Structures are given as C-alpha cells and as structure tokens.
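Thanks for coming. I will show one structure and talk through a few of its features.

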There are 2 protein chains.
Amino acid sequence: MAFDRLIERIATLQNPTVAGLDPKLDYIPSYIKEEAFAKYGKNLEGAAAAILEFNKGLIDALCEIVPAVKPQCAYYEMYGWQGVKTLHDTIAYASEKGMFVITDGKRNDIGTTMEAYAAAHLGTVLVEDELCVPFGGDALTVNGYLGSDGIKPLLSICKAEDKGIFVLVKTSNPSSGELQNRVLDDQKTLYATMGALCEQWGEELPGKYGYSGVGAVVGATYPEQLRELRSALPHTFFLVPGYGAQGGGAKDVAPAFDANGRGAIVNASRSILCAWQKQHAPEHDYAKAAAAEAVRMRDEIVGEIGTIK
Amino acid sequence: MAFDRLIERIATLQNPTVAGLDPKLDYIPSYIKEEAFAKYGKNLEGAAAAILEFNKGLIDALCEIVPAVKPQCAYYEMYGWQGVKTLHDTIAYASEKGMFVITDGKRNDIGTTMEAYAAAHLGTVLVEDELCVPFGGDALTVNGYLGSDGIKPLLSICKAEDKGIFVLVKTSNPSSGELQNRVLDDQKTLYATMGALCEQWGEELPGKYGYSGVGAVVGATYPEQLRELRSALPHTFFLVPGYGAQGGGAKDVAPAFDANGRGAIVNASRSILCAWQKQHAPEHDYAKAAAAEAVRMRDEIVGEIGTIK
C-alpha cells in the first residue's frame with residue numbers, strides 16, 4: 001500500500017515532513033528567472049521554465065533529507081497549461097529522485113468524473129492500445145463534500161496502482177470551522193464525520209503498519225482537533241499543513257503522531273521555498289538554504305516526538 | 001456582472017442550457033482520432049489533439065443555439081498537460097465564438113492558494129511586467145468545504161474581471177445526501193447552510209437581474225431540494241447538472257427557474273456529446289447530431305418553463 005512506502009521512507013530518513021512545492025515567481029532567484037525569460041520570453045512559458053528549474057534545484061537538495069514533496073496544483077495552473085507541464089515534469093523529477101509525491105489538488109466530483117481525476121493523477125489512461133501516465137503522483141488530496149460515490153472511484157485505482165489519497169477533514173485556514181466544526185444531528189462535528197468516513201473508506205486499503213491508503217488532511221493550526229482525531233481515527237494517516245508560515249509549531253503537530261512516531265507527515269511550503277530570502281543567503285544558495293531549513297524543521301519535530309520506528 | 005451577460009445571452013437565444021464538454025475518446029468519431037494519431041501518435045498529445053478537434057466542431061455547431069459551454073477539467077487532466085492545453089484552447093475557441101465559458105474544476109483551497117486558482121481560471125497573472133491570461137474562463141465551479149476564506153479571494157477577482165463562481169450546494173450524485181443532507185445544530189441541512197453562505201457571499205457581487213455573481217450547483221436529480229433552494233436563495237443563480245444521462249428531465253429542472261424563466265442554466269454533457277452515437281448518425285455528422293439534441297433539450301425545457309424574459 002502506498003502509505004507503507006511513505007512510512008518506510010519517513011523511518012529511513014527519520015523525517016516525518018514533506019516539502020510543499022508552491023512556487024511563486026517572487027520566491028525564485030533572479031538568475032533563474034532571467035535565464036528562463038531570455039530563452040522563452042516573459043510569458044507563461046518563461047515562468048513555467050523558471051519554476052521547473054527552481055523545483056529541480058530544491059529536489060536535488062532535499063531528496064536525501066525529506067521523504068516527500070507536495071506540489072500544490074494551484075501554483076502551476078496559475079501559469080496556464082505551461083505551468084501544468086511544469087507540474088508534470090516536477091512530479092517526474094521528484095519520483096526519479098526517490099521522493100514520494102503528494103499531488104495537492106483537492107479534487108472532487110461525482111463518480112464517473114472522479115474516475116477521470118483518479119486516472120489523471122494516480123493512474124493511467126488508454127489511448128487506443130497505448131497505456132499512458134498523465135501525471136503519475138503517489139497520492140492525491142481530495143475533498144469529500146460529495147460523499148462516498150465521489151471517493152470510491154479512487155479506491156479501486158489506489159488498490160490497483162499502489163496509490164493513496166488524503167481527504168480534507170479539518171483544514172488549517174482561519175474559517176475552516178465555519179462548516180467543518182458544525183455539529184450534526186448525531187452530536188458529532190462535520191469534521192469528525194468526515195474523519196469517520198475516512199476510516200470506513202480506508203477499510204478497502206489496509207496497510208501493514210496499521211494505516212490505510214485513505215489519509216486525512218488535518219491542520220497544524222488546530223492542535224486540539226488534531227489530538228481528538230488522532231485518537232478517533234487509528235487507521236488514518238494524517239497530512240498536516242499549517243506548520244511554519246501559517247503559525248503551527250512542533251508542539252502543535254506532536255499530537256498528530258502515534259506512540260511509534262508514525263501516523264503523520266507535516267508539510268511546510270513557504271518556510272522552505274523562501275528560506276534563502278529569510279536567511280539573506282546569496283541567491284545561488286537557495287537550495288542549500290532550503291535544505292538547512294528542512295533539517296531544522298526535521299530536528300525540531302523529531303525532538304518533540306522522538307525516534308520514529 | 002458576469003451572470004448578467006449569461007442571463008442576457010440565455011434570453012437572446014431563448015435557451016437556458018449549457019453544453020458540458022466532458023470528452024472521452026470513446027465519444028469521438030474515428031476519422032478525427034485517426035487524423036490526430038497519424039499526426040501526433042497514439043499518445044497523450046494525439047488524444048488531446050483529437051479532443052480539441054472534436055470540441056471545435058461541437059462549438060461551431062452549438063454557438064448560435066446554446067449560450068454556454070462547461071468544460072469539465074477532469075476529462076482534460078486525464079490526458080496530462082497536453083489535455084490541459086486542449087482545455088485552454090477549447091476555452092479560447094468557445095470565447096471567440098461568443099459562448100460563456102464555465103470551467104468545471106470544483107476548485108477549493110485556503111486563502112492564499114485560492115487566490116492562485118482564481119488567477120488561473122478567472123484572472124490574470126503578472127510575469128515580470130507582462131500580464132498573462134492563464135485559462136480565461138467566465139466562471140468557475142468551486143467547493144466551499146473550507147469556508148469563507150476559501151471563497152473570498154475569488155470575489156475580488158470576480159468583481160475586478162467581471163467573472164462569476166458556482167459553489168457546490170446540493171450535487172447530483174446518488175450519495176450527495178450522505179453529508180449534504182445532514183442536519184446541523186440550527187436544524188438546517190448542510191446544503192441549505194452552504195446555500196445561505198452563497199447568498200451572503202453574493203452580496204459583494206450584485207447583478208442587475210437580481211442574481212449575484214455567486215451561483216450554486218444544485219442537481220436536477222433532486223427536484224424537491226431544487227424547489228426549496230430556489231425559494232430560499234432568491235439572488236443565487238443555479239447551475240443544474242444531472243439532466244439527461246443522469247436521469248433528470250424537464251419537469252425535474254423546472255423548479256430551478258423563477259417566474260421570468262430566469263435563475264438557472266441546465267447542463268447536459270453525454271446526451272449532447274454522444275448524440276451521434278445514440279442517433280446512429282454517420283460519424284461526420286456528430287456536430288449536427290449534437291445540435292439537434294441541443295435544440296430538442298432547449299425546446300423540452302422552454303416548453304416546460306415558458307418564454308424567458
């Protein structure tokens with residue numbers, strides 16, 4: 001099961017974090033942008049080329065420190081189909097370097113259309129008799145508002161292709177409680193209900209470390225809910241955004257982990273991508289600065305949770 | 001406001017329907033596929049080229065009959081970045097032909113990332129000093145599970161760029177009730193609560209026909225909820241999927257409209273795309289068959305709701 005691979009890679013590197021690849025042009029050193037614009041022009045193609053170059057440098061620097069990357073689709077779509085090509089090339093490059101790739105698309109739709117998203121991001125597609133891989137990530141974030149028949153088409157592809165999903169349960173943003181914290185007719189919150197569905201959907205994808213192929217997104221900015229959900233959802237692996245720039249610290253994310261130091265992966269995006277700016281490092285050292293921040297974050301979290309079994 | 005434009009085009013054509021462009025290779029005549037595969041190979045590029053050719057033929061045949069198209073992102077992502085380029089080219093072609101384009105992406109994320117999606121699908125992006133248009137649709141479907149700060153970044157772009165959004169309220173799939181029909185602590189259902197948020201978000205984008213720039217997706221497969229929501233949400237324009245292949249008929253969608261025949265647009269995808277197969281028409285007549293089905297659907301719905309003011 002896909003999350004077994006992730007859990008093993010986390011243990012090997014003793015690092016339960018994922019680097020969010022949410023590139024904006026502002027984060028990219030000017031020598032990379034200038035080269036890309038000189039070659040392709042100041043347009044979507046030039047921007048996409050600069051982002052790919054930036055990402056490759058980060059992946060080279062991070063692949064032996066951090067087990068996974070999480071490219072956020074929005075920041076690639078923002079640069080048009082040219083940006084989406086860079087998403088594809090980034091996924092391929094990170095996979096080649098042995099990283100686990102979580103495509104952060106928060107996709108959702110009804111059954112037949114969800115099958116198309118599943119094929120796009122986790123599976124394959126048949127063009128006549130040729131089998132093609134559209135994007136090739138290892139896991140996809142999804143939104144469960146449409147209910148079970150929006151999720152089930154993913155499960156069969158996850159089973160067949162050894163992939164996983166993360167369902168939005170309790171998101172890290174300030175207004176996440178507006179709907180997610182509402183109490184339903186059985187006195188459970190909406191987020192707890194979505195969490196319980198993750199446990200149920202996950203029964204189809206059991207993993208050897210007790211965590212299924214259906215994970216949950218639970219924000220670092222709500223440590224109380226993180227603790228509640230860790231205890232309520234023993235088979236659900238957590239993707240924890242909101243660490244760093246959004247305000248969550250190591251103490252906040254600690255409740256996401258079980259007694260073996262397993263059960264979660266913590267994301268940081270801006271703090272890693274912009275480390276060179278924050279550290280006032282020379283721009284050619286952007287990847288080195290990112291790696292230093294990744295090490296700092298790893299040590300801070302492992303210092304809190306202890307050795308990962 | 002973007003939906004004013006849509007409402008006017010609906011009235012001009014006396015047609016409150018939208019053609020869903022959800023292309024699968026199976027729906028495409030073999031002469032189109034053979035030409036594309038001969039030119040680009042049996043691969044994602046060949047598939048994407050075939051889909052674009054198919055879509056252009058449909059748009060040519062439909063643009064004076066149907067006011068809008070709704071390309072579903074999943075069916076383009078399924079063919080990789082090459083498919084996403086076809087999404088871009090389809091949007092551009094439909095816009096050139098005067099059609100209103102609803103990009104069906106059901107996007108959702110936290111504030112800063114939602115800004116990137118808004119720029120991608122409804123706005124522009126700055127590459128140094130050059131302003132670029134990534135995808136250029138007129139409206140985007142979105143998922144509100146993350147609450148207000150996942151929606152608000154869209155509103156400012158909608159205001160600045162004359163665009164609109166459709167928020168998922170009550171979806172057309174069989175299990176949509178699993179979460180959406182749950183009753184919250186104030187005795188309102190989750191879908192009614194999401195609907196009420198649409199009214200509230202829409203206050204920032206008032207339109208001259210009474211409908212704001214924040215619409216709602218409400219499935220034709222639940223006519224009772226359609227009636228309830230039409231009455232509860234007087235300023236919210238509805239996008240109604242589920243007509244045709246999913247089982248909804250003209251009588252089912254009628255409650256989505258107000259007394260002036262306004263307030264909603266009904267989507268059909270497969271019944272239009274596959275009309276040539278269903279009618280056993282020669283494959284070169286696929287676009288003619290689609291137009292005939294679009295006229296049949298228009299007449300059926302207008303027959304039910306009367307003249308559109």
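**A helix pair and a symmetry axis**

I start with helices α2(A) and α3(A), whose crossing is right-handed. Bear in mind that this is a predicted model. Helix α2 covers residues 30-40 of chain A and helix α3 covers residues 44-62; their axes come within 8 Å and cross at roughly 140°. The pair therefore counts as oblique, since the roughly antiparallel class takes angles over 145 degrees.

Which residues make the contact? From α2(A) they are Ile32(A), Lys33(A), Ala36(A), Phe37(A) and Tyr40(A). On the α3(A) side we have Glu45(A), Gly46(A), Ala47(A), Ala49(A), Ala50(A), Glu53(A) and Phe54(A). Sorted by class, that contact comes to 8 nonpolar, 1 polar and 3 charged residues.

Next, the annotation. UniProt, in an unreviewed entry, places the feature "domain: Orotidine 5'-phosphate decarboxylase" at residues 16-289 of chain A. Over residues 16-289, chain A is 44% helix and 17% strand. The C-alpha atoms at the two ends of that stretch are 19 Å apart.

Last, the two chains. How does chain A map onto chain B? A turn of 180° with a shift of 0.0 Å along the axis lays chain A on chain B, at an RMSD of 0.0 Å. That relation is the one a two-fold axis gives. In chain A, the residue that comes closest to the rotation axis is Leu184(A), with its C-alpha at 2.2 Å. Both copies use the same surface: 100% of the contact residues of chain A recur in chain B.

That is what I have; questions are welcome.

Notes
Residues numbered from 1 in each chain as written. Chains lettered and ligands numbered in written order. Predicted model: local features only at pLDDT ≥ 70, side-chain atom pairs only at ≥ 80, totals over all residues. Heavy atoms only, no water. Least-squares fit on C-alpha atoms with pLDDT ≥ 70 in both. Contact = heavy atoms within 4.5 Å. UniProt positions renumbered as here; feature names shortened; annotations may be inferred. Helix = DSSP H or I, 4+ residues; strand = E, 2+ residues; numbered from the N terminus. Axes fitted to C-alpha atoms, helices over the stretch in contact; angles between N-to-C directions. Parallel < 35°, antiparallel > 145°, perpendicular 65-115°, else oblique. Left-handed = near helix turned anticlockwise from the far one by under 90°. Nonpolar A, V, L, I, M, F, W, Y, C, P; charged D, E, K, R; others polar.
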